[in-house]
Amino acid sequence: MHRADASPTVAERITQDVRAWVCSTPLRGLVRHFGGDWPADDLAEVLRFLDDFSARHWDFRGGRERPDAREPDLDPATTALVLDTAAALGLIHPVPPARPAYAHLVVLGGLAHACVRRVGYAAHLLRAGLTVSGEVAVLGSFRPLSDWERRTLADASLPADATEVDVLDTAVRRVFEVAAPAEEAGVDAGHPHHSWSSRTYRPAGLPPVRVLAAPSSEPDRRRAHTADTQRFWAGHVQLAPGDEVLTVTAPIYVPFQHCDALRTLAVPYGCDIDTIGVDPAVADLAVLPEQTLTPGRYLQEIRSAIRSMRALHDLVR
(Lines give C-alpha, C1' and ligand atoms only; values in the text may rest on other atoms or scores of the structure.)
Protein backbone atom coordinates (compact mmCIF):
# COMPACT_ATOMS: atom_id res chain seq x y z
CA MET A 1 0.00 0.00 0.00
CA HIS A 2 1.35 3.44 -0.93
CA ARG A 3 1.47 6.41 1.42
CA ALA A 4 -1.02 9.12 0.56
CA ASP A 5 1.77 11.62 -0.04
CA ALA A 6 4.00 9.28 -2.05
CA SER A 7 4.71 10.03 -5.70
CA PRO A 8 2.95 7.60 -8.05
CA THR A 9 4.98 4.72 -9.41
CA VAL A 10 5.60 4.25 -13.13
CA ALA A 11 2.86 1.61 -13.22
CA GLU A 12 0.42 3.92 -11.42
CA ARG A 13 1.16 6.84 -13.77
CA ILE A 14 0.72 4.61 -16.82
CA THR A 15 -2.57 3.26 -15.46
CA GLN A 16 -3.83 6.79 -14.78
CA ASP A 17 -2.91 7.97 -18.27
CA VAL A 18 -4.43 4.92 -19.98
CA ARG A 19 -7.65 5.33 -17.99
CA ALA A 20 -7.86 9.04 -18.86
CA TRP A 21 -7.55 8.29 -22.60
CA VAL A 22 -9.76 5.21 -22.96
CA CYS A 23 -12.49 6.48 -20.60
CA SER A 24 -12.55 10.00 -22.05
CA THR A 25 -15.80 11.62 -23.08
CA PRO A 26 -14.84 11.79 -26.80
CA LEU A 27 -14.08 8.06 -27.02
CA ARG A 28 -17.24 7.17 -25.09
CA GLY A 29 -19.24 9.28 -27.53
CA LEU A 30 -17.64 7.61 -30.55
CA VAL A 31 -18.39 4.15 -29.17
CA ARG A 32 -21.98 5.16 -28.45
CA HIS A 33 -22.37 6.51 -31.99
CA PHE A 34 -21.32 3.12 -33.39
CA GLY A 35 -23.82 1.30 -31.17
CA GLY A 36 -21.67 0.27 -28.23
CA ASP A 37 -22.77 0.02 -24.59
CA TRP A 38 -20.00 1.03 -22.20
CA PRO A 39 -19.05 -1.72 -19.71
CA ALA A 40 -18.55 -1.46 -15.96
CA ASP A 41 -15.72 0.82 -14.93
CA ASP A 42 -12.97 -1.79 -14.50
CA LEU A 43 -10.07 -0.68 -16.70
CA ALA A 44 -9.08 -4.17 -17.84
CA GLU A 45 -12.69 -4.87 -18.81
CA VAL A 46 -13.01 -1.53 -20.63
CA LEU A 47 -9.86 -2.29 -22.63
CA ARG A 48 -11.06 -5.80 -23.47
CA PHE A 49 -14.41 -4.39 -24.57
CA LEU A 50 -12.81 -1.67 -26.69
CA ASP A 51 -10.43 -4.16 -28.33
CA ASP A 52 -13.33 -6.43 -29.30
CA PHE A 53 -15.61 -3.55 -30.28
CA SER A 54 -13.00 -1.84 -32.46
CA ALA A 55 -12.21 -5.16 -34.15
CA ARG A 56 -15.84 -5.38 -35.28
CA HIS A 57 -16.35 -1.74 -36.25
CA TRP A 58 -12.99 -0.03 -36.95
CA ASP A 59 -10.65 -2.69 -38.33
CA PHE A 60 -10.37 -2.04 -42.06
CA ARG A 61 -6.98 -3.73 -42.53
CA GLY A 62 -7.94 -7.34 -41.83
CA GLY A 63 -4.27 -8.23 -41.27
CA ARG A 64 -3.08 -6.33 -44.36
CA GLU A 65 -0.53 -3.51 -44.46
CA ARG A 66 -1.95 -0.04 -43.81
CA PRO A 67 -2.02 1.10 -47.47
CA ASP A 68 -4.18 -1.91 -48.33
CA ALA A 69 -6.92 -1.11 -45.81
CA ARG A 70 -10.38 -0.45 -47.21
CA GLU A 71 -12.10 2.88 -46.60
CA PRO A 72 -15.55 2.71 -44.95
CA ASP A 73 -18.52 4.59 -46.36
CA LEU A 74 -19.43 7.03 -43.58
CA ASP A 75 -22.17 9.65 -43.58
CA PRO A 76 -21.20 13.32 -43.05
CA ALA A 77 -22.22 13.39 -39.37
CA THR A 78 -20.14 10.30 -38.61
CA THR A 79 -17.20 11.69 -40.54
CA ALA A 80 -17.32 14.92 -38.52
CA LEU A 81 -17.55 12.99 -35.24
CA VAL A 82 -14.59 10.78 -36.14
CA LEU A 83 -12.40 13.78 -36.98
CA ASP A 84 -13.42 15.65 -33.82
CA THR A 85 -12.71 12.57 -31.71
CA ALA A 86 -9.35 11.95 -33.38
CA ALA A 87 -8.36 15.55 -32.65
CA ALA A 88 -9.44 15.28 -29.00
CA LEU A 89 -7.50 12.02 -28.60
CA GLY A 90 -4.26 13.51 -29.95
CA LEU A 91 -4.15 11.98 -33.46
CA ILE A 92 -4.29 15.15 -35.57
CA HIS A 93 -2.51 18.22 -34.21
CA PRO A 94 1.28 18.13 -33.71
CA VAL A 95 2.87 19.37 -30.49
CA PRO A 96 6.48 20.52 -29.95
CA PRO A 97 8.96 18.58 -27.81
CA ALA A 98 8.21 18.92 -24.09
CA ARG A 99 11.89 19.45 -23.18
CA PRO A 100 14.80 21.38 -24.68
CA ALA A 101 17.20 18.43 -24.33
CA TYR A 102 17.10 14.63 -24.50
CA ALA A 103 19.51 11.75 -24.17
CA HIS A 104 18.33 10.25 -27.47
CA LEU A 105 16.10 11.15 -30.40
CA VAL A 106 14.36 8.17 -32.00
CA VAL A 107 12.86 8.40 -35.50
CA LEU A 108 10.39 5.66 -36.33
CA GLY A 109 10.14 4.26 -39.86
CA GLY A 110 6.97 3.67 -41.81
CA LEU A 111 5.77 4.11 -45.37
CA ALA A 112 8.30 5.68 -47.71
CA HIS A 113 6.94 9.23 -47.64
CA ALA A 114 6.72 9.07 -43.82
CA CYS A 115 10.35 7.93 -43.57
CA VAL A 116 11.52 10.94 -45.57
CA ARG A 117 9.37 13.39 -43.62
CA ARG A 118 10.33 12.08 -40.17
CA VAL A 119 14.06 12.15 -40.89
CA GLY A 120 13.66 15.69 -42.23
CA TYR A 121 11.75 16.75 -39.12
CA ALA A 122 14.40 15.28 -36.82
CA ALA A 123 17.06 17.31 -38.62
CA HIS A 124 14.85 20.41 -38.36
CA LEU A 125 14.48 19.96 -34.58
CA LEU A 126 18.23 19.60 -34.11
CA ARG A 127 19.06 22.61 -36.25
CA ALA A 128 16.38 24.61 -34.41
CA GLY A 129 18.22 24.04 -31.14
CA LEU A 130 17.06 20.72 -29.67
CA THR A 131 19.95 19.20 -27.70
CA VAL A 132 20.65 15.46 -27.92
CA SER A 133 23.51 14.22 -25.77
CA GLY A 134 23.48 10.63 -27.07
CA GLU A 135 22.43 9.69 -30.58
CA VAL A 136 19.72 10.02 -33.17
CA ALA A 137 18.34 6.53 -33.82
CA VAL A 138 16.51 6.04 -37.12
CA LEU A 139 14.65 2.75 -36.82
CA GLY A 140 13.32 0.77 -39.76
CA SER A 141 12.96 -2.71 -41.20
CA PHE A 142 13.74 -4.70 -44.32
CA ARG A 143 10.11 -4.43 -45.46
CA PRO A 144 10.04 -4.26 -49.27
CA LEU A 145 8.50 -1.07 -50.64
CA SER A 146 5.27 -1.34 -52.55
CA ASP A 147 4.97 -0.17 -56.15
CA TRP A 148 2.98 2.81 -54.85
CA GLU A 149 5.78 3.81 -52.48
CA ARG A 150 8.41 3.58 -55.21
CA ARG A 151 6.26 5.72 -57.52
CA THR A 152 5.81 8.27 -54.72
CA LEU A 153 9.57 8.54 -54.32
CA ALA A 154 10.14 8.76 -58.07
CA ASP A 155 7.52 11.51 -58.42
CA ALA A 156 9.50 13.54 -55.86
CA SER A 157 12.77 12.87 -57.77
CA LEU A 158 14.04 10.72 -54.89
CA PRO A 159 15.76 7.34 -55.36
CA ALA A 160 13.34 4.45 -55.69
CA ASP A 161 14.89 2.38 -52.89
CA ALA A 162 14.04 -1.28 -52.32
CA THR A 163 13.21 -1.38 -48.59
CA GLU A 164 12.05 0.83 -45.74
CA VAL A 165 15.50 0.97 -44.16
CA ASP A 166 17.03 1.92 -47.53
CA VAL A 167 14.67 4.92 -47.71
CA LEU A 168 15.65 5.95 -44.18
CA ASP A 169 19.34 5.60 -45.00
CA THR A 170 19.01 7.66 -48.18
CA ALA A 171 17.06 10.34 -46.28
CA VAL A 172 19.73 10.51 -43.57
CA ARG A 173 22.50 10.93 -46.15
CA ARG A 174 20.58 13.68 -47.95
CA VAL A 175 19.18 15.61 -44.98
CA PHE A 176 22.23 15.38 -42.70
CA GLU A 177 24.66 15.87 -45.62
CA VAL A 178 26.75 12.77 -44.97
CA ALA A 179 28.26 10.58 -47.66
CA ALA A 180 29.15 7.35 -45.88
CA PRO A 181 28.75 5.75 -42.46
CA ALA A 182 31.55 6.08 -39.95
CA GLU A 183 30.69 2.69 -38.47
CA GLU A 184 28.78 -0.19 -40.02
CA ALA A 185 27.75 -3.60 -38.67
CA GLY A 186 25.17 -6.28 -39.29
CA VAL A 187 24.35 -9.85 -40.20
CA ASP A 188 22.98 -10.97 -43.55
CA ALA A 189 21.30 -14.24 -42.58
CA GLY A 190 19.88 -14.86 -46.03
CA HIS A 191 16.37 -13.82 -44.98
CA PRO A 192 15.20 -10.35 -43.87
CA HIS A 193 13.36 -11.70 -40.82
CA HIS A 194 16.66 -12.99 -39.41
CA SER A 195 19.02 -10.24 -40.62
CA TRP A 196 20.02 -6.91 -39.07
CA SER A 197 22.04 -3.85 -40.02
CA SER A 198 23.44 -0.78 -38.29
CA ARG A 199 25.02 2.25 -39.93
CA THR A 200 26.23 5.21 -37.87
CA TYR A 201 26.86 8.60 -39.48
CA ARG A 202 28.63 11.55 -37.88
CA PRO A 203 27.27 14.80 -39.33
CA ALA A 204 29.26 17.94 -38.56
CA GLY A 205 28.04 19.80 -35.49
CA LEU A 206 25.25 17.31 -34.73
CA PRO A 207 24.95 14.11 -32.69
CA PRO A 208 25.71 10.77 -34.35
CA VAL A 209 22.87 9.30 -36.43
CA ARG A 210 22.38 5.54 -36.40
CA VAL A 211 20.18 3.84 -39.05
CA LEU A 212 19.10 0.48 -37.65
CA ALA A 213 17.08 -2.48 -38.92
CA ALA A 214 16.45 -5.31 -36.47
CA PRO A 215 15.67 -9.00 -36.84
CA SER A 216 12.16 -10.21 -36.06
CA SER A 217 11.47 -11.68 -32.63
CA GLU A 218 9.15 -14.14 -34.43
CA PRO A 219 10.99 -14.72 -37.72
CA ASP A 220 8.89 -17.72 -38.72
CA ARG A 221 5.71 -15.64 -38.55
CA ARG A 222 6.44 -12.05 -39.57
CA ARG A 223 8.90 -9.28 -40.31
CA ALA A 224 10.37 -7.16 -37.53
CA HIS A 225 7.94 -4.58 -36.19
CA THR A 226 8.54 -1.32 -34.31
CA ALA A 227 8.80 -2.95 -30.88
CA ASP A 228 11.43 -5.40 -32.17
CA THR A 229 13.55 -2.57 -33.49
CA GLN A 230 13.15 -0.46 -30.35
CA ARG A 231 14.29 -3.33 -28.13
CA PHE A 232 17.21 -4.08 -30.47
CA TRP A 233 18.27 -0.43 -30.46
CA ALA A 234 17.99 -0.19 -26.65
CA GLY A 235 20.45 -3.05 -26.33
CA HIS A 236 22.88 -1.48 -28.79
CA VAL A 237 22.82 1.97 -27.20
CA GLN A 238 22.77 0.61 -23.63
CA LEU A 239 19.71 2.61 -22.65
CA ALA A 240 19.92 3.58 -18.98
CA PRO A 241 17.40 4.42 -16.23
CA GLY A 242 16.51 8.09 -16.30
CA ASP A 243 17.44 8.57 -19.96
CA GLU A 244 15.02 10.97 -21.63
CA VAL A 245 14.02 9.77 -25.09
CA LEU A 246 12.10 11.75 -27.72
CA THR A 247 10.32 9.64 -30.32
CA VAL A 248 9.22 11.11 -33.67
CA THR A 249 6.38 9.65 -35.73
CA ALA A 250 3.29 11.07 -37.48
CA PRO A 251 0.54 12.70 -35.37
CA ILE A 252 -1.96 9.96 -36.27
CA TYR A 253 0.33 7.32 -34.70
CA VAL A 254 1.36 9.23 -31.56
CA PRO A 255 -0.97 7.51 -29.02
CA PHE A 256 -0.31 4.02 -30.42
CA GLN A 257 3.44 4.35 -30.78
CA HIS A 258 3.88 6.22 -27.51
CA CYS A 259 2.30 3.30 -25.64
CA ASP A 260 4.47 0.85 -27.56
CA ALA A 261 7.55 2.85 -26.55
CA LEU A 262 6.44 2.87 -22.91
CA ARG A 263 6.00 -0.90 -23.05
CA THR A 264 9.26 -1.72 -24.82
CA LEU A 265 11.55 1.02 -23.47
CA ALA A 266 10.19 2.92 -20.45
CA VAL A 267 9.00 -0.04 -18.36
CA PRO A 268 11.95 -2.41 -18.85
CA TYR A 269 14.72 0.22 -18.93
CA GLY A 270 13.33 2.90 -16.61
CA CYS A 271 13.72 5.70 -19.14
CA ASP A 272 11.36 8.62 -19.81
CA ILE A 273 9.53 8.81 -23.15
CA ASP A 274 8.02 11.76 -25.01
CA THR A 275 6.39 11.11 -28.39
CA ILE A 276 5.60 13.77 -30.97
CA GLY A 277 4.27 13.92 -34.51
CA VAL A 278 5.83 15.68 -37.48
CA ASP A 279 4.61 19.25 -37.84
CA PRO A 280 3.33 19.64 -41.43
CA ALA A 281 3.92 23.39 -41.29
CA VAL A 282 7.70 22.92 -41.45
CA ALA A 283 8.63 24.19 -44.92
CA ASP A 284 11.54 21.85 -45.63
CA LEU A 285 9.25 18.80 -45.47
CA ALA A 286 7.41 19.86 -48.62
CA VAL A 287 9.54 17.56 -50.81
CA LEU A 288 7.10 14.80 -49.83
CA PRO A 289 3.88 16.21 -48.32
CA GLU A 290 1.80 14.11 -45.94
CA GLN A 291 -0.77 11.89 -47.60
CA THR A 292 -4.45 12.77 -47.11
CA LEU A 293 -5.73 11.00 -44.01
CA THR A 294 -9.29 9.71 -44.12
CA PRO A 295 -11.84 9.05 -41.37
CA GLY A 296 -11.25 5.33 -41.85
CA ARG A 297 -7.54 5.80 -41.19
CA TYR A 298 -8.29 7.65 -37.97
CA LEU A 299 -10.68 4.96 -36.78
CA GLN A 300 -8.06 2.31 -37.59
CA GLU A 301 -5.41 4.12 -35.55
CA ILE A 302 -7.77 4.72 -32.64
CA ARG A 303 -8.08 0.93 -32.63
CA SER A 304 -4.27 0.61 -32.80
CA ALA A 305 -3.97 2.88 -29.76
CA ILE A 306 -6.55 0.84 -27.86
CA ARG A 307 -4.67 -2.38 -28.56
CA SER A 308 -1.35 -0.83 -27.59
CA MET A 309 -2.82 0.52 -24.35
CA ARG A 310 -4.29 -2.87 -23.53
CA ALA A 311 -0.90 -4.55 -23.96
CA LEU A 312 0.76 -1.83 -21.87
CA HIS A 313 -1.83 -2.13 -19.09
CA ASP A 314 -1.48 -5.91 -19.06
CA LEU A 315 2.25 -5.44 -18.53
CA VAL A 316 2.05 -3.05 -15.57
CA ARG A 317 -1.03 -4.13 -13.63
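This is the transcript of a short presentation on one predicted protein model.

Good morning. The structure before you is a predicted model, and I shall move from the whole chain to a few individual residues.

Let us begin with the overall form. The chain contains 10 helices and nine strands. Its radius of gyration is 20 Å, close to the 20 Å that the globule rule gives for 317 residues, so the chain is as compact as a globular protein of that length. Along the principal axes, the C-alpha atoms occupy a box of roughly 55 × 50 × 40 Å. Of the 317 residues, 49% count as buried. The chain exposes about 14500 Å², and carbon and sulfur atoms supply 51% of that area. If we take contacts between residues at least 6 apart in sequence, 70% of them join residues at least 24 apart.

The domain assignment divides the chain into domain 1, residues 10-89, and domain 2, residues 101-291. The C-alpha centres of domain 1 and domain 2 lie 27 Å apart.

I turn now to the sheet. In what order do its seven strands stand? The order is β5-β6-β7-β4-β2-β8-β9, in an open sheet with mixed pairing. The strands at the edges are β5, residues 183-187, and β9, residues 272-277; each has a single partner strand, so one side of each is left without a neighbour in the sheet. On average, neighbouring strands of this sheet are turned by 15° against each other, direction ignored.

For those new to the subject, strands of a sheet pair through backbone hydrogen bonds, either parallel or antiparallel. Strand β7 takes part in both kinds of pairing here. With β4, residues 136-140, strand β7, residues 209-213, pairs in the parallel sense over five bridges. Within that pairing, Val-136 has Val-209 of β7 as its bridge partner, and Leu-139 stands opposite Leu-212. Strands β6 and β7 run antiparallel, and five bridges join them. There, Ser-197 is the bridge partner of Ala-213 in β7.

Is β7 enclosed or open to the outside? Five of the five residues of β7 are buried, so this strand is largely enclosed by the rest of the structure. Both of its faces are covered: Val-209, Val-211 and Ala-213 are buried on one side, and Arg-210 and Leu-212 are buried on the other.

Which helices accompany these strands? I shall mention α5 and α8. Helix α5, residues 112-127, lies across β2, β4, β8 and β9, and runs at about 160° to β2. Helix α8, residues 226-237, packs on the sheet and touches β2, β4, β6, β7 and β8. The direction of α8 makes about 130° with that of β7.

Let us now look at single residues, starting with Gly-140 in strand β4. Gly-140 has a relative accessible area of 3%; buried means under 20%, so Gly-140 is buried. Its C-alpha atom is separated by 6.7 Å from that of Leu-108, although the two residues are 32 apart along the chain. Not counting residues up to four places away in sequence, Gly-140 touches Glu-164, Leu-168, Leu-212, Ala-213, Ala-214 and Thr-229. Two of the names in that list, Leu-212 and Ala-213, we have already met as buried residues of β7.

Ser-141 is placed in the loop between β4 and α6, residues 147-155. This serine is also buried, with a relative accessible area of 4%. Leaving aside neighbours within four places in sequence, Ser-141 is in contact with Thr-163, Glu-164, Val-165, Ala-213, Arg-223 and Ala-224. Glu-164 and Ala-213 thus appear among the contacts of Ser-141 and among those of Gly-140.

My last residue is Pro-26, which lies in helix α2, residues 25-33. Is Pro-26 buried or partly exposed? At 29% relative accessibility, Pro-26 counts as partly exposed. Leaving aside neighbours within four places in sequence, Pro-26 is in contact with Thr-85 and Ala-88. Pro-26 and Val-82 are 56 residues apart in sequence, and their C-alpha atoms are 9.4 Å apart in space.

To close, I ask you to keep in mind the open sheet of seven strands and the largely enclosed strand β7. Thank you for your attention.

How values were computed: Residues are numbered from 1 along each chain as its sequence is written. This is a predicted model: local features need pLDDT of at least 70, side-chain atom pairs count only at pLDDT 80 or more; totals for chains, interfaces and linings use all residues. Side-chain values use heavy atoms; hydrogens and water are left out. Two strands pair if DSSP finds at least two bridges between them. Helices (H or I, at least four residues) and strands (E, at least two) are DSSP runs, numbered from the N terminus. Axes are lines fitted to C-alpha atoms, for helices over the stretch in contact, and angles run from 0 to 180 degrees between N-to-C directions. Contact means heavy atoms within 4.5 Å. Domain bounds come from an automatic or database domain assignment. The radius of gyration is taken over C-alpha atoms; the globule rule is 2.2 Å times the number of residues to the power 0.38. Buried means under 20% relative accessible area, exposed over 50%, partly exposed in between (1.4 Å probe, protein chains only). Accessible areas come from the Shrake-Rupley method with a 1.4 Å probe; for residues, only the protein chains shown count as cover.
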